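Thanks for asking me to look this one over. My notes follow as numbered points, with the model itself shown first.

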Amino acid sequence: MSETATSEATARPLPSWAAPDALDVSPEALSALETYRKRDPSKVVVRFKAVGNAPIMKQNFYKITASNRFQAVIQFLRKELGWKAGDPLFTYINLAFSPAPDDTVSNLFKSFCTDGHLIVNYSTTAAWG
């Protein structure tokens, strides 16, 4: 590459979307972002139901922090059942679908609650698609 080509490449201005002025955000947007970042301290009632040959829990109602990811529910369930990380565990919401581990408990509750509970079915084998 020649000297002039190198100097032209470094002197090129940033695109308008990457310019520092484009990063100016309205106070309303900043307030919304701050609200979103705060953890929701409210609790959600989660009801666990065994499917197939999975062991039935003695207590099947628990209050779980709404801002937790579903992964925390899976880990909690494993701990309550005394299962190791390698043991098979399949979880479903309302006998219908398996949620992604990064879904939040509050979003699942808002979308799929039944009688004020988030029903989580669990199994040792794949039960539904």
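1. A definition to begin with: the expected span of a helix is 1.5 Å times one less than its number of residues. Helices (H or I, at least four residues) and strands (E, at least two) are DSSP runs, numbered from the N terminus. For helix 3, with 12 residues, that gives 16 Å, and the 17 Å between its end C-alpha atoms agrees.

2. A word on the basis of these notes. The model is predicted, so to speak of a local feature I need pLDDT of at least 70, and side-chain atom pairs count only at pLDDT 80 or more, while totals for chains, interfaces and linings use all residues. Residues are numbered from 1 along each chain as its sequence is written, and side-chain values use heavy atoms, with hydrogens and water left out.

3. Now the overall layout. The protein chain has four helices and four strands, running α-α-β-β-α-β-α-β from the N terminus. Of its 129 residues, 28% are buried (buried means under 20% relative accessible area, exposed over 50%, partly exposed in between, with a 1.4 Å probe and protein chains only). Taking contacts (heavy atoms within 4.5 Å) with a separation of 6 or more, 63% are between residues 24 or more positions apart.

4. Which strands pair with strand 4, and in what sense? Strand 1 does so in the parallel sense, over five bridges, and strand 3 in the antiparallel sense, over four bridges. Two strands are taken as paired if DSSP finds at least two bridges between them. If you would like residues to look at, Arg-47 stands opposite Ile-119 of strand 4, and Ile-93 has Val-120 of strand 4 as its bridge partner.

5. Strand 4 deserves a look from both sides. Six of its six residues are buried, so the rest of the structure largely encloses this strand. Leu-118, Val-120 and Tyr-122 are buried on one face, and Ile-119, Asn-121 and Ser-123 are buried on the other.

6. Next comes the largest nonpolar core, a set of 21 residues in which Phe-48, Leu-118 and Tyr-122 touch the most other members. Such a core consists of buried Ala, Val, Leu, Ile, Met, Phe, Trp, Tyr and Cys residues joined through side-chain atoms within 4.5 Å. At least two residues of this core come from each of strand 1 (43–50), strand 2 (61–65), helix 3 (70–81), helix 4 (105–112) and strand 4 (118–123). Helix 3 is the element that gives the most, with five residues.

7. Back to helix 3, then, for its buried side. Phe-70, Val-73, Ile-74, Leu-77, Arg-78 and Leu-81 are its buried residues. Viewed down the helix axis, they fall within an arc of 135° (taken from the directions from the axis to the C-beta atoms), so they line one face of the helix. What do they pack against? The partners are strand 1, strand 2, strand 3, helix 4 and strand 4. Just after the helix, Gly-82 takes a positive phi of about 75°.

8. Phe-48 is a good residue to centre your view on. Beyond its neighbours within four places in sequence, it contacts Met-57, Asn-60, Tyr-62, Ile-64, Val-73, Phe-76, Leu-77, Val-120 and Tyr-122. Phe-48 also forms one aromatic cluster with Tyr-62 and Phe-76.

9. On aromatic pairs, the rule is that rings of Phe, Tyr and Trp (its six-membered ring) pair if their centres lie within 6.5 Å; planes under 30 degrees apart count as stacked, over 60 as edge-to-face and the rest as tilted. The count comes to four pairs. One of them, Tyr-62 with Phe-76, is edge-to-face, at 4.8 Å centre to centre and 75° between the planes. Tyr-62 is in strand 2 and Phe-76 in helix 3, so this pair ties together parts 14 residues apart in sequence. Tyr-62 is buried at 14% relative accessibility, whereas Phe-76 is partly exposed at 22%.

10. Phe-97 and Phe-112 make a tilted pair, at 4.9 Å centre to centre and 55° between the planes. Phe-97 sits in the loop between strand 3 (90–93) and helix 4, and Phe-112 in helix 4, 15 residues apart. Both rings belong to partly exposed residues, Phe-97 at 25% relative accessibility and Phe-112 at 32%.

11. Finally, please check two backbone angles. Leu-95, in the loop between strand 3 and helix 4, has a positive phi of about 60° although it is not a glycine. Asp-115, in the loop between helix 4 and strand 4, likewise has a positive phi, near 55°. Leu-95 is partly exposed at 46% relative accessible area, and Asp-115 is exposed at 73%.
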